[in-house]
Amino acid sequence: MTDAHATPAASTYRVQLHAGFGFEDARAVVGFLRDLGVGALYASPFFAARPGSTHGYDVVDYAALNPEVGDRASFDGLSAALRDAGMGLLADFV
């Protein structure tokens with residue numbers, strides 16, 4: 001049995017999450033990335049950051065998602081789409 005969480009990703013694709021490209025946008029490209037052979041989505045920081053942040057490296061709350069990139073339901077939707085595609089999620093944080 002292969003588990004995407006236990007198998008190292010052979011390749012990643014990085015997305016820069018911000019107000020103009022959030023969890024739902026990333027979810028929309030999961031099938032395309034899977035077809036390219038990407039093993040994991042490498043996401044920029046997505047914890048609550050300074051309002052208007054375009055990079056997410058200025059985190060102000062590690063206990064909350066950045067509302068500018070989406071809420072818990074949209075994060076769960078992205079996670080489910082990745083899991084269904086056999087892909088992992090690599091989260092960048094500082």
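These legends go with an overall view and several close-ups of a predicted model.

**Figure 1. The whole protein, with its three helices and five strands.** Walk along the chain from the N terminus and the elements come in the order β-α-α-β-β-β-α-β. The radius of gyration is 13 Å, close to the 12 Å that the globule rule gives for 94 residues, so the protein is as compact as a globular protein of that length. Laid along the principal axes, the C-alpha atoms fit a box of roughly 40 × 25 × 20 Å. Of the contacts with a separation of 6 or more, 67% link residues 24 or more positions apart.

**Figure 2. The surface and the charges of the protein.** The exposed area adds up to about 5400 Å², and 57% of that comes from carbon and sulfur atoms. As for what is tucked away, buried residues are 36% of the 94 in the protein. The charge count is 6 positive and 11 negative side chains, yet the centres of the two sets sit 2 Å apart.

**Figure 3. Glutamate 68, in the loop between β4 and α3.** Strand β4 covers 59-65 and helix α3 covers 72-84, with glutamate 68 in the loop between them. Is this residue buried or exposed? Neither label quite fits: glutamate 68 is partly exposed, because its relative accessible area of 29% falls between the 20% and 50% cut-offs. Its side chain reaches the backbone nitrogen of glycine 52 at 2.9 Å. Next door in sequence to that glycine is proline 51, and the C-alpha atoms of proline 51 and glutamate 68 are 7.9 Å apart, with their positions 17 residues apart along the chain. Setting aside residues up to four places away in sequence, glutamate 68 touches His18, Ala19, Pro51, Gly52 and Ser53.

**Figure 4. Aspartate 92 and its two tyrosine partners.** Look for aspartate 92 in the segment after β5 (88-91). With a relative accessible area of 15%, aspartate 92 is buried, because buried means under 20%. Which side chains does it pair with through polar contacts? One is tyrosine 42, at 3.3 Å from side chain to side chain. Another is tyrosine 57, whose side chain makes a polar contact of 2.5 Å with that of aspartate 92. Beyond four places in sequence, the residues that aspartate 92 touches are Arg14, Tyr42, Ala43, Ser44, Pro45 and Tyr57.

**Figure 5. Serine 44, a buried residue in a loop.** Serine 44 sits in the loop that connects β2 (40-43) with β3 (47-49). Its relative accessibility is 0%, so it counts as buried. What does its side chain reach? The backbone nitrogen of leucine 17, at 2.8 Å. Leave out neighbours within four places in sequence, and serine 44 is in contact with Arg14, Val15, Gln16, Leu17, His55 and Asp92. The Asp92 in that list is the aspartate of Figure 4, which in turn counts Ser44 among the residues it touches.

**Figure 6. Alanine 28, an exposed residue of helix α1.** Helix α1 takes in residues 23-28, and alanine 28 belongs to it. Here the relative accessible area is 64%, so alanine 28 is exposed, the cut-off being over 50%. How far apart in space are alanine 28 and leucine 65? Going from C-alpha to C-alpha, the two are 19 Å apart, with a separation of 37 residues in sequence.

Methods:
Residues are numbered from 1 along each chain as its sequence is written. This is a predicted model: local features need pLDDT of at least 70, side-chain atom pairs count only at pLDDT 80 or more; totals for chains, interfaces and linings use all residues. Side-chain values use heavy atoms; hydrogens and water are left out. Helices (H or I, at least four residues) and strands (E, at least two) are DSSP runs, numbered from the N terminus. The radius of gyration is taken over C-alpha atoms; the globule rule is 2.2 Å times the number of residues to the power 0.38. Buried means under 20% relative accessible area, exposed over 50%, partly exposed in between (1.4 Å probe, protein chains only). Contact means heavy atoms within 4.5 Å. Accessible areas come from the Shrake-Rupley method with a 1.4 Å probe; for residues, only the protein chains shown count as cover. Lys and Arg count as positive and Asp and Glu as negative; His and the chain ends are not counted. The place of a charge is taken as NZ of Lys, CZ of Arg, CG of Asp or CD of Glu. A polar contact is a pair of N or O atoms within 3.5 Å; within protein, one must be able to donate a hydrogen and the other to accept it, and residues adjacent in sequence count only if both atoms are side-chain atoms.
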